Amino acid sequence: MAQTTVAGTRTRQQELPQDEPLYDSVIIGGGINGTAAAVELSRAGYSVLLCEKGDFAGGASGRSSRMLHCGLRYFETPSPVRDFAMHPRRFVSALSMARAAMEARADLAQDHRVATRPITLCFPIWPDSPVQRWHLSAGLRLLQALHTKGPSLDARILGAAEARSHPITQDLRDLDRLQAMAAFREYLFVHPERLCLDAALDAEAHGATMELFTTARIADRQPDGTWRVALDTPRSQRHVRARTVINMAGTWMESAGTIPGRLVRGTKGAHIVVRLPERYRDHGIATMHRGGHPFYCLPLGDEFFYFGPTETPFEGDATDVAADQEDIDFLLAEANHLLPGLGLTRADVHQTWAGVRPLTWDPQRPMGARERILHDLEGRGMPNVFAMTAGPVMSHRSAGREILDKVRGRLGSRKPVNAQSPAKPSAFGADPILPGRGGVPRQALLDAVTREHARDLYGVLVQRTGLVWQGLLSREDAAAVADVIAGPLGWSEDDKAREVDAFLALQARRFAPPTPTPTASPSRP
């Protein structure tokens with residue numbers, strides 16, 4: 001018997017449980033940073049349990065703006081000289097984040113295992129633009145100086161005449177007043193959900209244990225300093241113990257345990273998908289919308305492009321967050337303000353999506369702070385518990401290394417594990433299905449359920465194959481995939497029908513434009 005003090009509870013007597021598995025680290029959250037932490041810790045020899053309340057990449061990681069950007073946006077502010085002079089720490093922070101962005105850009109864009117797409121991003125400049133030519137020129141030079149080992153930015157500043165004759169500017173507003181345009185190389189993630197999944201499989205190959213559709217909650221601290229973590233599934237309840245707990249649950253992290261104080265500020269980012277002319281191929285446009293936040297037009301495939309994101313405060317459960325009518329009207333209004341020559345209407349919106357960014361809570365910054373922070377909760381009465389906020393997709397590898405350093409500092413070193421990383425399923429193969437989508441290898445669908453932990457149709461069509469990003473799937477397409485995976489999953493004909501219905505309902509809720517109502521207003525920033 002021993003005494004222990006637990007944050008938010010009274011001091012009490014407690015015996016160590018004898019039948020609960022003990023791990024070096026329990027990670028709560030199977031998004032990009034949770035899986036990155038699992039890779040680093042398992043490779044370094046720590047015993048790891050990763051728990052995810054749904055499926056991998058089911059939150060912000062799978063609903064991001066899909067950009068592997070150079071970090072220029074960290075310098076974007078309406079008055080950079082004044083703003084950074086008044087807040088020098090923000091400038092130092094912007095430099096740090098921009099350097100990290102360039103390092104991540106180099107790391108991921110040059111890694112053949114990561115599917116990225118280079119594009120030319122164009123930033124037009126008018127006399128009334130909040131970001132002027134000298135801002136962009138200085139920012140791009142600074143970025144290239146911060147990191148010279150990766151792919152070049154290939155940055156150019158086009159003068160007025162050259163900018164006005166560029167194919168991508170033909171639909172721009174105020175073309176006669178266009179003063180210049182910056183053009184530089186950026187990268188997009190082709191399938192960010194696969195980053196999470198491949199990291200999880202890599203961690204598993206190095207000994208980590210994965211528990212999907214399992215809600216984890218930090219329970220209480222034990223006499224030996226370990227933490228009890230409650231695990232709930234639809235069919236069971238049990239506990240495990242952990243020497244360290246890594247709370248990577250994003251906007252849900254404050255429900256994963258009684259954490260004194262607030263850590264997360266959620267902001268919603270919504271996007272719309274439209275078809276654009278051939279002249280836009282492999283190009284994108286960046287600007288600041290009339291609300292003062294970054295606004296992009298980026299390719300999603302060859303003919304489809306997406307506009308976004310919005311930036312609005314979000315409270316509540318982000319599980320089924322979607323672009324609502326107000327979001328769509330706002331994005332259409334801004335798209336038409338930027339590119340009036342397109343004349344986009346609601347009928348042009350083929351698809352939508354939205355996510356909630358788990359930014360860092362800061363009372364002085366109502367929209368949250370974008371600086372990635374690994375919170376050591378010892379000062380809040382929770383020793384050996386860590387939580388991360390504002391960790392973007394692109395910097396997940398450095399986030400994993402940062403967490404490894406923290407755990408190593410608390411637990412000491414372990415013997416590294418050498419294991420062969422799992423091979424990715426081939427993108428090509430015999431016996432393809434869904435020829436209208438280029439043909440999907442039957443084996444890739446079987447791998448999704450036999451090797452990659454998919455339990456439902458949504459997990460196959462969204463997280464594992466990314467087919468939903470090629471356009472909304474029909475009932476016939478969903479049924480064809482269900483026929484392939486039904487055998488390994490033991491589905492009956494009734495099960496298949498229910499799975500198809502469930503997928504189509506989720507697809508409609510999360511990716512389909514809502515039916516317009518007459519009360520909409522395009523005033524949302």
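Two strands pair if DSSP finds at least two bridges between them, and the strands themselves (E, at least two residues), like the helices (H or I, at least four residues), are DSSP runs numbered from the N terminus. This is a predicted model, in which local features need pLDDT of at least 70 and side-chain atom pairs count only at pLDDT 80 or more, while totals for chains, interfaces and linings use all residues. Residues are numbered from 1 along each chain as its sequence is written, and side-chain values use heavy atoms, with hydrogens and water left out.

In the hairpin formed by β15 and β16, three residues lie between the strands, and Gly301 takes a positive phi near 90°. Strand β16 (residues 304-308) has two antiparallel partners listed here.

| Partner of β16 | Bridges | Residue opposite Tyr306 |
|---|---|---|
| β13 (residues 264-275) | Four | Val273 |
| β15 (residues 294-300) | Five | Leu298 |

Five of the five residues of β16 are buried, so this strand is largely enclosed by the rest of the structure; buried means under 20% relative accessible area, with a 1.4 Å probe and protein chains only. In a regular strand the side chains alternate between the two faces of the sheet. Both faces of β16 are covered, with Phe304, Tyr306 and Gly308 buried on one side and Phe305 and Phe307 buried on the other.

The largest nonpolar core (a set of buried Ala, Val, Leu, Ile, Met, Phe, Trp, Tyr and Cys residues joined through side-chain atoms within 4.5 Å) has 73 residues, of which Leu143, Leu457 and Phe503 touch the most other members. Helix α3 (residues 88-109) gives the most to this core, with seven residues.

Terms used
Buried means under 20% relative accessible area, exposed over 50%, partly exposed in between (1.4 Å probe, protein chains only).
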